[in-house]
Amino acid sequence: MARKLAVVGAGLMGSGIAQVAAQAGWAVTLVDTTQEALGRGLKNIESSWAKFTEKGKLSAQQVAEARERIETATELDAVAGAEFVVEAVYEQVEIKQSIFRALDGLVGEDTVLASNTSAIPLTKLAAVTSRPERVVGTHFFSPVPMMALCELVRGLKTSDETLAAAREFAESTGKTCIVVSRDVAGFVTTRLISALVVEAVRLYESGVASAEDIDLACRLGFGHTMGPLATADLTGVDVLLHATENIYTESRDEKFAPPELMRRMVDAGDLGRKAGRGFHSYD
Ligand code: NAD
């Protein structure tokens, strides 16, 4: 019998996690609050499968089998019986805590509760449950079916056994894991990109180099696929401002202090690609 996974939140990330898990043979229950949200999630999955089959990376048979393995629900109690649960709802601590509190009462005592949070300390989510040792971060990247990394994050009380279960789950979906051994703000990936973006913005803001040249320096000098300012535009200048602010507030480390220019760009609506303008222009 297939092992049972529950994914709470059928947005961009939750639908991607459900997809790769179903492809890997897990019986997946995808939960969201409305049929509309579930419909959007399933549409994301179908359009990704269409691209994979077009490119010959998955056969029609493989897709049909994976599709059969996904069921949906609008009630959280559908998670009962899952051996692993991944929460992927909005990045708000109160919403995530209320879900963790509820999940704790719905699943067996051995079930691992994982969060896809990009920045919320896992310890804050574990603390509202009766099983802090069985709570862990599984930080997948977008788009989940394409990105190879999963950042595993230990809360203060996460056990070795839980970390091993999280690794086994992520690797079963074809991902390669890195381990964040201490529950620091921004984990490893958001800390690295924030530090790079903050310094790139400072160099640009103080007239040391143009946005184009700063990005070229990283692409041609370091082999990065994308420069830091183009990355900020793609992620959203507002999203990165929020991330750096969080890390700065927690760490008081000056290297994460958000440059004034980032704040002014957010005030002006120059949020990056989604606004047509950020550090570069996309008109
Ligand atoms: P999203 O806004 O696309 O989706 C969130 C989903 O959660 C929505 O479908 C919403 O209806 C659902 N939801 C909200 N409250 C719920 C509840 N009580 N029960 C069930 N479902 C509920 O968000 P996303 O981009 O998929 O992000 C999800 C998580 O993944 C966040 O913690 C985010 O920080 C993290 N993350 C996002 C990215 C990214 O690039 N988008 C990358 C890595 C990690």
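**Figure 1. Lining of the second largest pocket, to which helix 1 (12-23) and helix 2 (35-54) each supply at least two residues.** The model shown in this and the following views is predicted. The space in the second largest pocket is about 340 Å³. Of its 17 lining residues, Ser48, Lys51, Pro143, Pro145 and Met146 are the closest to the centre of the pocket. Helix 2 contributes the largest share of the lining, 6 residues. Sorted by class, the lining of this pocket holds 7 nonpolar, 7 polar and 3 charged residues.

**Figure 2. The cis peptide bond from Ser142 to Pro143.** Omega of this bond is near -5°. Pro143 sits in the loop between strand 6 (135-140) and strand 7 (149-154). Pro143 also appears in Figure 1, as one of the residues closest to the centre of the second largest pocket.

**Figure 3. Packing of helix 7 (residues 189-205) with helix 11 (residues 260-268).** Two packed helices are described by the angle between their axes and the distance between the axes. For helix 7 and helix 11 the angle is about 85°, and the axes are 9 Å apart. An angle of 65 to 115 degrees counts as roughly perpendicular, and helix 7 and helix 11 are therefore roughly perpendicular to each other. On the side of helix 7, the residues in contact are Val197, Val201, Tyr204 and Glu205. Their partners in helix 11 are Glu260, Leu261 and Met262. By class, the residues of this contact are 5 nonpolar and 2 charged, with no polar residue.

**Figure 4. Surroundings of Val201, a residue of helix 7.** Val201 has a relative accessible area of 0% and is therefore buried. With neighbours within four places in sequence left aside, Val201 is in contact with Leu229, Pro259, Leu261, Met262 and Phe279. Leu261 and Met262 belong to the helix 11 side of the contact shown in Figure 3. Leu229 is one of the buried residues of helix 9. Pro259 is 58 residues away from Val201 in sequence, while the C-alpha to C-alpha distance between Val201 and Pro259 is 6.9 Å.

**Figure 5. Surroundings of Thr190, another residue placed in helix 7.** Thr190 has a relative accessibility of 13%. The cut-off for a buried residue is under 20%, so Thr190 counts as buried. Not counting residues up to four places away in sequence, Thr190 touches Ser118, His139, Ala243 and Ile247.

**Figure 6. Helix 9 and its enclosure by the rest of the structure.** Of the 8 residues of helix 9, 6 are buried, so the helix is largely enclosed by the rest of the structure. The buried residues are Pro228, Leu229, Ala230, Thr231, Ala232 and Asp233. These buried residues pack against helix 7, helix 8 (211-222) and helix 10. Gly236 follows helix 9 and has a positive phi, near 115°.

**Figure 7. Crossing of helix 9 (residues 228-235) and helix 10 (residues 237-251).** The two axes cross at roughly 100° and come within 5 Å. That angle makes helix 9 roughly perpendicular to helix 10. Ala232, Asp233 and Thr235 in helix 9 meet Val237, Val239 and Leu240 in helix 10. The residues of this contact comprise 4 nonpolar, 1 polar and 1 charged. Ala232 and Asp233 are among the buried residues of helix 9 shown in Figure 6.

**Figure 8. Positive phi at Phe187, a residue other than glycine.** Phi of Phe187 is near 50°. Phe187 lies in the loop between strand 8 (176-180) and helix 7. Phe187 counts as buried, because its relative accessibility is 1%.

**Figure 9. Positive phi at Arg252, a residue other than glycine.** Phi of Arg252 is near 55°. The loop that holds Arg252 runs between helix 10 and helix 11. Arg252 has a relative accessible area of 58% and is therefore exposed, whereas Phe187 in Figure 8 is buried.

Note on methods:
Residues are numbered from 1 along each chain as its sequence is written. This is a predicted model: local features need pLDDT of at least 70, side-chain atom pairs count only at pLDDT 80 or more; totals for chains, interfaces and linings use all residues. Side-chain values use heavy atoms; hydrogens and water are left out. On a 1 Å grid over the protein atoms alone, a cavity is a set of points where a 1.4 Å probe fits but cannot get out, and a pocket is an open set with protein on both sides within 12 Å along at least five of seven lines; lining residues have an atom within 4 Å of a point. Grid points are joined across faces, edges and corners, and a volume is the space filled by probe spheres set on the points. Helices (H or I, at least four residues) and strands (E, at least two) are DSSP runs, numbered from the N terminus. Ala, Val, Leu, Ile, Met, Phe, Trp, Tyr, Cys and Pro count as nonpolar, Asp, Glu, Lys and Arg as charged, and the others, Gly among them, as polar. Axes are lines fitted to C-alpha atoms, for helices over the stretch in contact, and angles run from 0 to 180 degrees between N-to-C directions. Angles under 35 degrees count as roughly parallel, over 145 as roughly antiparallel, 65 to 115 as roughly perpendicular and the rest as oblique. Contact means heavy atoms within 4.5 Å. Buried means under 20% relative accessible area, exposed over 50%, partly exposed in between (1.4 Å probe, protein chains only).
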